[in-house]
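Dear colleague,

I am handing over the structure we spoke about, and below it you will find what I could establish from it. Please read the notes with the model open beside them.

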Amino acid sequence: MRRPWHILLFLCLATPRITRAQWQATANAGASRLKQGFFPETNAATLSGTTDYLGDYAAFRLAALGSRASDDRLTGQWLAIASAVTPTWRLLTLQATAALGAFAQSHDVPTTSADVGAQLRIGDLTRAVSLGGGIGQSAHHGDYAVHSFFDAGFSWYHEREGLSLSAAIGSRAQEGVRASEWYLADATAWVAPHTGINLAIGRSPDDVVRGVPSARYITAALRFTTAPHVTVFRGPLTGPRIVAIRSNGESRVEVAGVTAARVELMADFTEWQPVSLDRAGDVWRLARAISPGLHRVALRIDGGEWVVPKNLAKSDDELGGAVGLLTVP
Amino acid sequence: MMRVVVAACCAVFAAQSASAQDVADPQLAQVIEAARAKGLPTDPIVAKVRQGVIMHAAPARIVAAAQAVAARMEQARDALAPHPTASDIAAGEDALAIKGVTTDALAAIRAANPREPVAVPVGVLVQLVASGIATPKATQIVTALVSRKATNAQLVALGNTVNGDVARGSNAEASLDFRLRMLMPSLAPPGAGNITTLQTLPGSKKP
């Protein structure tokens, strides 16, 4: 589990901030199954956490991971990464990164590593790919062995409604041994704004400095984060929905999601007089000169009660009722 | 009851085409005349009266609502100084009717765009606040988008999608964060705006 986790953090660019520098923290609690060379397969309970600072042109991440295997072996590791990021130009971003880390295991002395690298990212804040490479050294403090390595990798990131997906693949060249490939795939389904279910699979490269062969793993975990996410479990939006459109200098409103014989609209731009809408396929339409800005509207379906369209925020109209707040472009 | 309704309708008519002297209800006439004297647009007051009449609101409630509209328009005009349009003032008035929206928020939006109409950014601010976004954050987001030259269509799309997400049960902040991620790459980089940058927005602060 050690190296893919390390390398993904190293190669994947930090998500750029949206509007201002910000901190965020993430924690994972889960279970893993590992297969390493000719050793018997083992299970492990894992606990990890990251803290990120995301600034305009810099990012910093501190991460830690602890595990307890079914053979009672305890492992712990931490990693600190500092990055300098260029401004984005036509979806391209360059990043230079330096990382320090350490790994410890029960009945063994710790190893440490230091890496520097560079990455090129292409994409936006919801989907991106990056290419990167780096060089580093790791040291085993028992025999004072020091090994140099070179990493090259490709990573992909995609965030869509309720899902965060990422994958990476690469190769590590190390002194005196053949190159060792690694890969990982990570998916989180956000079941609540701050809670997700995470599944990850991966393969680590050989760990030459410790004389340990590559390992494959699969992990399931609960992920908690301070940054809220759109969740996967959202109900469909049923009922009347209204949208204002301005096209070629002309404005109109369209109402969808209605099965009716008659739809009326009442708004400040109709002088609060009920106006019947015209059916146009699946939508009901009213073409009218409407000034840009905020307007208050209500709908009536088949002569029923006046209602607020489902997709609008509601406001008290100070007259004992409620209206919807519609912004016209 | 009937007398007041008729009076309200007369006030509406008077505001549109004649002096308020012939208005039957002196309170409504006074509100409209006072607004006119202060150089405020009277249409929002007339619209509120008309809405009250159409919705059969109690006369006292209509008068109170009209007075509240007039008071908020004056606040909005001051906050959106120096040259607010009638639409700006109307949007500002609507915004101040929403709990949590302040004159400071309106002034911040004006500061981000001192020369152009701000009715649409103010409308989106109201949409976000009404959806559950804290006013300081909504103000900071809207002013940042204005500074980065977001179009009215982009601003409205953001407000609408966040409203829609919240109506489907999403957390408002999560929705705003996600929708912003999708919008930001298409905007000018920070600092490209000629008015202010993201780091120097009024009221911006570290979380």
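Two strands are taken as paired if DSSP finds at least two bridges between them, and that definition underlies what follows on the sheets. Please keep in mind throughout that this is a predicted model.

With that in hand, I begin with the open sheet of chain A, in which four strands are arranged in the order β13-β14-β18-β17 with antiparallel pairing. Because β13 (241-247) and β17 (278-280) of chain A each have a single partner strand, they stand at the edges, and one side of each is left without a neighbour in the sheet. Direction ignored, neighbouring strands here are turned against each other by 35 degrees on average. Within this sheet, strand β14 (residues 250-256) of chain A and strand β18 (residues 283-287) of chain A run antiparallel and are joined by four bridges; as for individual residues, A:V253 has A:L286 as its bridge partner in β18(A).

Chain A also holds a closed barrel of twelve strands, which runs β1-β2-β3-β4-β5-β6-β7-β8-β9-β10-β11-β12 and is likewise paired in antiparallel fashion. In this sheet the average turn between neighbouring strands, direction ignored, is 20 degrees. One of its pairings connects strand β8 (residues 145-160) of chain A with strand β9 (residues 163-174) of chain A, which run antiparallel and share twelve bridges, and in β9(A) the partner of A:Y157 is A:S166.

Chain B, by contrast, has ten helices and zero strands. Of its 207 residues, 55% count as buried, and the chain exposes about 8,500 Å², of which carbon and sulfur atoms supply 56%. If one takes the contacts in chain B between residues at least 6 apart in sequence, 61% of them join residues at least 24 apart.

Two details of the helices may be useful to you. Helix α4 (residues 59-79) of chain B, with 21 residues, reaches 30 Å from its first C-alpha to its last, which is close to the 30 Å expected at 1.5 Å a residue; its buried residues include B:I62, B:V63, B:V69, B:R72 and B:M73. The axes of helix α5 (residues 86-96) of chain B and helix α7 (residues 119-131) of chain B come within 8 Å and cross at roughly 10 degrees, and α5(B) and α7(B) are therefore roughly parallel to each other. Their contact is made by B:S87, B:D88, B:A91, B:G92 and B:A95 of α5(B), together with B:A119, B:V122 and B:V126 of α7(B).

With best regards

Notes
Residues numbered from 1 in each chain as written. Chains lettered and ligands numbered in written order. Predicted model: local features only at pLDDT ≥ 70, side-chain atom pairs only at ≥ 80, totals over all residues. Heavy atoms only, no water. Expected span 1.5 Å × (residues − 1). Buried < 20%, exposed > 50% of the residue type's maximum accessible area, 1.4 Å probe, protein only. Axes fitted to C-alpha atoms, helices over the stretch in contact; angles between N-to-C directions. Contact = heavy atoms within 4.5 Å. Areas by Shrake-Rupley, 256 points an atom, 1.4 Å probe, with all protein chains shown as cover. Parallel < 35°, antiparallel > 145°, perpendicular 65-115°, else oblique.
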